[in-house]
Amino acid sequence: MQFDIVVVGAGPAGLAFAASLAGSGLRLALIEKLPEATLADPGFDGREIALTHLSMRLLRRLGAWERIPPADISPLREAQVLNGISSFALRFDDEGKDDGPLGVLVPNHLIRRSLYEVVQGLPEVTLLAGQMVASVQTSAQGATVGLADGRTIAARLVVGADTRFSETRRRMGIPATMQDFGKSMLVCRMAHDRPHHAIATEWFGYGQTFAILPLNGDGMEGDVSGVVLTLPAREMETVMALEGPAFDAEITRRYRHRLGAMRLVSTRHVYPLVGVFAQRFVATRFALVGDAAVGMHPVTAHGFNLGLRGADSLAREIREAIGRGRDVADRRALARYQTDHMRASRPLYLATNATALFYTDDRFPTRVLRAAALRLGSRLAPFRRAVVARLTEAGAARDA
Ligand SMILES: Cc1cc2nc3c(=O)[nH]c(=O)nc-3n(C[C@H](O)[C@H](O)[C@H](O)COP(=O)(O)OP(=O)(O)OC[C@H]3O[C@@H](n4cnc5c(N)ncnc54)[C@H](O)[C@@H]3O)c2cc1C
């Protein structure tokens, strides 16, 4: 089999990258280990993805946005950060500018489904689902990807989009720095007695972190929120062993009854917290996108937003290169992608890791500093505006 580009991994980043090359005249193979039926109808995985305005624009341009049911798009009007046992809140809102919500929340499985539907309709993309990759080789002359079933695919560029623990990255000998936070994150949906007022809350408690993500409810169960609870792995096992009313009571208690009684209304999912940053995003006839390039700690909700931006940036460089009659894996084009994506992602990655470590360090001096930092942030209007601008990505990639 012969293609121009082989993409390994049909997660949201791999799918978005493939969709970004629609109409380019390039032939793409998309290799995914999950069966096609799962890609077509992925199950709820607990992740409520906070999308920036830039991501919404990019998804609209790819034709994926209108495939997401409007009832499943929840507006985020305000965000607040709480620390420890203090009732003080650092608030972020649009400061009366009426630019619409700060962002929106969309369930990850619906993003995946909509991108799959787009890609599935593209004649230039061949989806090889239910396939494992056995080998990857690239040289100045070309690239080959061996499948576990013995077939070999020849291409001119290979793109790795196969999770933050990317086997393709490893096969290409690209090192990555990893930050294991030693904690687990539980995500699920819960209904609650008190309203959420479309305000997202990040509460850095002592010994636990909560994020409450306000979702559109169906009015039957009261308001519903995405609940994100971070705990040391062993403590998480104890919480996950609780079922039914015992689990509901535990979360209600841990969240200090702020939302009244809480009731589980979805499946529960637990993710290990590991941040990953690849040392290089490109090599000869090779590029990394999505979590395979940068796997963010979810606390700042940047992972997919960055992945989407990176996929767009790589696709642009490729289009420009072939438009000038150059190779699809033009070295200068790949280098420009790497520079652009490193610049966009490294500061966020480092700041996110620092935030996650600072706000989960419960030693006394750090507790005091944590409280002081929030109060200082609240007094600095430029700081708050910068955070809101980052949330909305106002002004970024204006032509997106
Ligand atoms: C709890 C949680 C909350 C999050 N919240 C947010 C948020 O609010 N905002 C945000 O922007 N981001 C958020 N993220 C991050 C976001 O989910 C990820 O950045 C995004 O899913 C990455 O997409 P991806 O396609 O790179 O990787 P993945 O989603 O991991 O998909 C990779 C795909 O590759 C396939 N694959 C793996 N190995 C192979 C192989 N060897 N061969 C073939 N296929 C393979 C997998 O089956 C999968 O389909 C969150 C993450 C978590 C865990």
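Q: What span is expected for α8 at 1.5 Å a residue, and how far does α8 reach from its first C-alpha to its last?
A: The expected span is 1.5 Å times one less than the number of residues. For α8, with 21 residues, that comes to 30 Å, and the helix reaches 30 Å, close to what is expected. By the way, this is a predicted model: local features need pLDDT of at least 70, side-chain atom pairs count only at pLDDT 80 or more, and totals for chains, interfaces and linings use all residues. Residues are numbered from 1 along each chain, as its sequence is written.

Q: What makes a stretch count as a helix or a strand, and how many of each does the protein chain have?
A: Both are DSSP runs numbered from the N terminus: H or I over at least four residues for a helix, E over at least two for a strand. The protein chain has 11 helices and 21 strands.

Q: Why is R112 called buried or exposed?
A: Just count C-beta atoms, placed from the backbone: 20 or more others within 10 Å of a residue's own means buried, 12 or fewer means exposed, and anything in between is partly exposed. R112 has 24 such neighbours inside 10 Å, so it's buried. Across the protein chain, 43% of the 400 residues are buried.

Q: Which residues does R112 touch, leaving out those up to four places away in sequence?
A: P12 and P42. Contact here means C-beta atoms, placed from the backbone, within 7 Å of each other. R112 and P12 are 100 residues apart along the chain, yet their C-alpha atoms are separated by 5.3 Å. R112 belongs to helix α4 (residues 108-120), while P12 is one of the buried residues of α1.

Q: What makes α1 and α8 count as mostly covered?
A: In α1, nine of its nine residues are buried. In α8 it's 15 of 21.

Q: How do you know which strands pair with β7 (residues 103-107), and what order do they take?
A: Pairing takes at least two bridges found by DSSP between two strands. β3 and β7 have four, and they run antiparallel. The three strands make an open antiparallel sheet in the order β3-β7-β4. β3 and β4 (74-76) are its edges, as each pairs on one side only. On average, neighbouring strands here are turned by 30 degrees against each other, direction ignored.

Q: Which residues of β7 stand opposite E48 and L51?
A: P107 is the bridge partner of E48, and V104 stands opposite L51. Side chains in a regular strand alternate between the two faces of the sheet. In β3, E48 and A50 sit on one side, I49 and L51 on the other, and all four are buried.

Q: At what angle to β7 does α4 run?
A: At about 80 degrees, lying across β3 and β7. Such angles, from 0 to 180 degrees, compare N-to-C directions of lines fitted to C-alpha atoms, for helices over the stretch in contact.

Q: What makes a residue near the ligand, and which come nearest?
A: Its C-beta atom, placed from the backbone, must lie within 6 Å of the molecule. Of the 34 residues around the ligand, G9, G11, G290, A301 and G303 come nearest.

Q: Which element supplies the largest share of the shell around the ligand?
A: α8, with four residues. Elements supplying at least two residues each include α1 (12-20), β3 (48-51) and α8 (303-323).

Notes
Contact = placed C-beta atoms within 7 Å.
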